[in-house]
Amino acid sequence: MTPETPAPNTTHGGLPRPRVTEPQVHDFARSLFGIEGTVRELGSQQDRNFLLTAKDGEKYLIKISNSAFSRDEIESQNAVMLHLGDGGINTPRPIPSLEGKDISAVSLEGTPHSLRLLSFVEGSPLIDSDYLAPDVIRDFGSLVGTVSKQLATLQHPGLDRALQWDLRHAEEVVSSLLPCVVDRDKRTLVEDALLRAQRLLSKVTPFLPVQAVHGDLTDDNVVSALSPSGQPRITGIIDFGDASYGWRVAELAVACTAVFHHEPTNPLAIMPLIEEFHSRAPLSEAEISALWPLIVLRGAVLVVSGEQQVAIDPHNEYAREALEREWTIFHTPAQYDWDVAEAALRRALGFPLGSSDGAFASEGTAPHSILPTLEGSKPAIIDLSYSSAEYLTGSWLNAEDEEKRIINAHLALSQAVITRYGEARLTRATPLSENEPHSVSTAMEIYLRDPAPVESPFNGTVSFVGEGSLSIDDGEHTVALSGIRPLRGLKVGAPIERGMPLGVSTRSLTVWLLTQSQDGDRHTTAEPSALARFVKMSEFAGWSAVYQDPATLVGEDLFPAEKRVQPTDPVEELAQRASAYSPLQSHYYAAPPQIERGWKEHLIDTAGRHYLDMVNNVTILGHGHPVVAEVAADQWRRLNTNSRFHYAAVTQLSRKLLDKMPDSFDTVLLVNSGSEAVDLALRLSKAYTSREHVLCVHESYHGWSLASDAVSTSTSDNPRAGETRPDWVHVLDAPNSYRGIYRGEGAGERYAADAVRTIQMLASRGTPVGTYIAEPRNGNAGGIPQPPGYLATVYDAIRGCGGVVISDEVQVGYGRLGTYFWGFEEHGVVPDIVTVAKAMGNGHPLGAVITRREIADALSNQGTFFSSSGGSTLSSRIGLAVLDVIENESLQENARVVGAYLLEELHKLANRHPMIGKIHGSGLYLGVELIRDGTTLEPATQETPLICNRMRDLGVIVQPTGDRGNVLKVKPPLCFTRTSAQFFVDTLDRVLTAGW
């Protein structure tokens, strides 16, 4: 059915609310419903809503409707509630009065009003959540789509209403209330938006389906409760005061506007909502075309109505506080490119774009070159993306100066230099930013040694002429030029022919190629200074439908297709990875960014976005360190071979390692990884003691090889660690004084006493311990310290029964703790064997076992030991370079100073956020333990990965660790700065405050 559209009554949004006091409402509850209880007012624009809490604790909503609404209208609201409720959606339900009436009449100041008692839908309005995660937005879309589908079958005469919130009347409402917007600039913005929306909607409104709609499915009227993961989950719908007939797509438009004030810098954050709605209530072609104009119009209705409401009801604080939010709701979509938005919607939902594909099909030939004098030359087409070899040691951070350096270097060799459309420029992204960069180029730049004549690529007309700029169009495309001296006499509207002179370029010409606007109005925005120059990679699918590749305008000979940007799709790349690279080798995040470059403490993706790297204890010096890069390149050019040949570097590295050790250590064995180091250490110990049995601690990780995995007890890495453990491995309780079996002061002695009893018990059984292996801080558990007194006692007990001790320093050693180069130094103990890797090569595979010669010699009767690349010329040179850089750049001291600052700031943060239960660690190996309850220490296991996901969205790479998955592991490269530390703390503060 398609009901007739009643004329709008624009007073409905501009009426003062009914005048009623809480005592009066209390009396109504008692006299009409026989309920005694407390009354508290809730917010409303035009009605009055009160929470009634009965003496038995039961909650109700008392709603007194504005007298402007008829009984039919209010009955229709009840009908919509019941219809949706019967369909499984949690809605209020009318509760009959003592007289059996669903709607009671009351008099306020001599005027009759309708009063209803409704069941109370528990939950907090979604608006109370500062941040709405994509999953929450998607759930919102699912709800709106389900509501729309269910209401399609409902008919009621009271729904045939005249509401100013009905977007069928939006143009008239905005026009009539526009004078209420006092600020002239704001009024102009609304007026311009109105005019464009009218042009667009006039083509499609006859084709928009009409049905029953809720009319106000916003974050104000959708309630939620926190899930166990800490994310809001939608629990129901409230406030049916705007239920009516209306355009089906208007229901979606209204819901979309509720997202913008949560994400004002990301207009396309509504995409999951729209996609989910479409999956339940498929949109038509006309509805797709109407959606963005209706979204803007909804914002316009809100602001003009809000300004009117505040003017006539100045004491309505609810309306006044909402006004700033409503302006954000209007500005966010109105100031975004509408054509780009529609293109993004169409591509996401699989609809045709409905615009020119940029192929100049009407001419049947390629366009004429705009710079014919370049024909026959070989311009340099430069790469300014993440993959460029032009950048030197972070030089892209100099932004435009770096671009000029690269361009000028090529201009010295070529007549022209061309930049690429669709390229995410590394120079247009900055580190330590919470926002995705606007880095993708929508245009092509041509740099010339000398100015050159510019000619028209097609037959068309001039659409803009300005100082240094010109635009022309052919009815399907617009070419906009900046950096041109237009031919004298060219005027807007003048006809032009293919190959006609347009002017002379400067030495820098910027070229855009745009498709015509859907409303034929693109020429009004084709002034080059008003065009988008760089956009977000996440939005480029929409932008590329409007801003197309201008390479065709210079010709295939000058700009061949193979030199244009080949888009990268991280999702497709991930699928390819899974098809060829075993998923057993897992990756961070379900939808990870594609990381292709790094610099210092930053990781860089294909869009050029810089992420603060809080997890890479492997690259201890930082990413892309020039000293290591130069040493590696130099050695590759000379020689790379294994340690069975004789060369100096392997000796130099071994001696340098021994210089870092106590005097008892005198021999080094070099390997490829931490797993191999631990494996070899266990084998040496077994050979030396002639004992097989090993003692380790719970929640620890030592490697993936057969032996190192056997002594790894962390269930976060191997959920079956307890089942697969061989009988020669014995496990002690993790000596965790925060949440272990012993806590607080004296915990170390009690854990140690248990360990000694275990050692003695094993010896008495005839299975004496030959090896004890542990990290001096339990790294995988989150940098948990071994409590005071524990390690020394255990070491003594092991040695007392003839065993040896291994200190696994793979994660926590090598200066990372700041005050100490090795973790064992913190405890005043000296182990028998030390294993080290990760940091040794700054990402190059390199590890070591450092011990006493008699222990190493014990293996000699089993043959010689050999590691192909562990002590190679390349590995040895890199290992030496890493140690030199740590010393020369005072990185251990930096770990101490910056680590202390970070620890202090995290403690301040913990004082504000009870969710931070404990901060573990030292230097730049920290763990932030997240809990749900400060008394029970219930771990925030579900919340922590979601917090990590949100941190990634805001530019920080951090990951959960520990067997409970509730500790943020904080182990950045040792070049980490105070500024980066503060960015991490501020970002974590934002997430813990606003939600995830």
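Buried means under 20% relative accessible area, exposed means over 50%, and partly exposed lies in between (1.4 Å probe, protein chains only). The model is predicted: local features need pLDDT of at least 70, side-chain atom pairs count only at pLDDT 80 or more, and totals for chains, interfaces and linings use all residues. Residues are numbered from 1 along each chain as its sequence is written, and side-chain values use heavy atoms, with hydrogens and water left out.

**Exercise 1. Describe the protein as a whole.**

Step 1: take the extent. Along the principal axes, the C-alpha atoms fill a box of roughly 100 × 90 × 45 Å.
Step 2: take the secondary structure. The protein has 25 helices and 39 strands. Both are DSSP runs numbered from the N terminus, helices being H or I with at least four residues and strands E with at least two.
Step 3: take the burial. Of the 996 residues, 59% are buried.

**Exercise 2. Place E699 and S890, and classify each by phi and accessibility.**

Step 1: locate E699. The loop between strand 27 (694–697) and helix 17 (706–710) holds E699.
Step 2: read its backbone. Phi of E699 is near 65°, a positive value in a residue other than glycine.
Step 3: classify E699. Its relative accessible area is 14%, so E699 is buried.
Step 4: turn to S890. This residue sits in the loop between helix 22 (873–888) and helix 23 (891–912). S890 is not a glycine, yet has a positive phi of about 50°.
Step 5: classify S890. Relative accessibility is 41%, so S890 counts as partly exposed.

**Exercise 3. Find the polar partners of D832 and T427.**

Step 1: fix the term. A polar contact is a pair of N or O atoms within 3.5 Å; within protein, one must be able to donate a hydrogen and the other to accept it, and residues adjacent in sequence count only if both atoms are side-chain atoms.
Step 2: locate D832. The loop between strand 32 (804–808) and strand 33 (833–836) contains D832.
Step 3: find its partner. A polar atom of the D832 side chain lies 2.8 Å from the backbone nitrogen of V805.
Step 4: classify D832. With a relative accessible area of 4%, D832 is buried.
Step 5: repeat for T427. This residue is in the loop between strand 12 (416–418) and strand 13 (438–441). The side chains of T427 and E403 are joined by a polar contact of 2.6 Å. T427 is buried, at a relative accessible area of 4%.

**Exercise 4. Name the members of the negative surface patch, then examine E573.**

Step 1: list the members. D569, E572, E573 and E596 form the patch.
Step 2: apply the rule. Patch residues have over 30% relative accessible area and no salt bridge; like charges are joined within 9 Å, and nonpolar side chains (Val, Leu, Ile, Met, Phe, Trp, Tyr) within 5 Å. A salt bridge puts a side-chain nitrogen of Lys or Arg within 4 Å of a carboxyl oxygen of Asp or Glu.
Step 3: place E573. Helix 13 (residues 570–580) includes E573.
Step 4: classify E573. Its relative accessible area is 44%, so E573 is partly exposed.

**Exercise 5. Give the C-alpha separations for E749–E122 and E375–T961.**

Step 1: place E749. It lies in helix 19 (residues 747–764) and is partly exposed, at 49% relative accessible area.
Step 2: give the first separation. E749 and E122 are 627 residues apart along the chain, and their C-alpha atoms are separated by 50 Å.
Step 3: place E375. The loop between helix 10 (338–349) and strand 11 (380–381) holds E375, which counts as exposed at 52% relative accessibility.
Step 4: give the second separation. E375 and T961 are 586 residues apart along the chain, with 59 Å between their C-alpha atoms.

Conventions. Areas by Shrake-Rupley, 256 points an atom, 1.4 Å probe, with all protein chains shown as cover. Lys, Arg positive; Asp, Glu negative; His and termini not counted. Charge placed at Lys NZ, Arg CZ, Asp CG, Glu CD.
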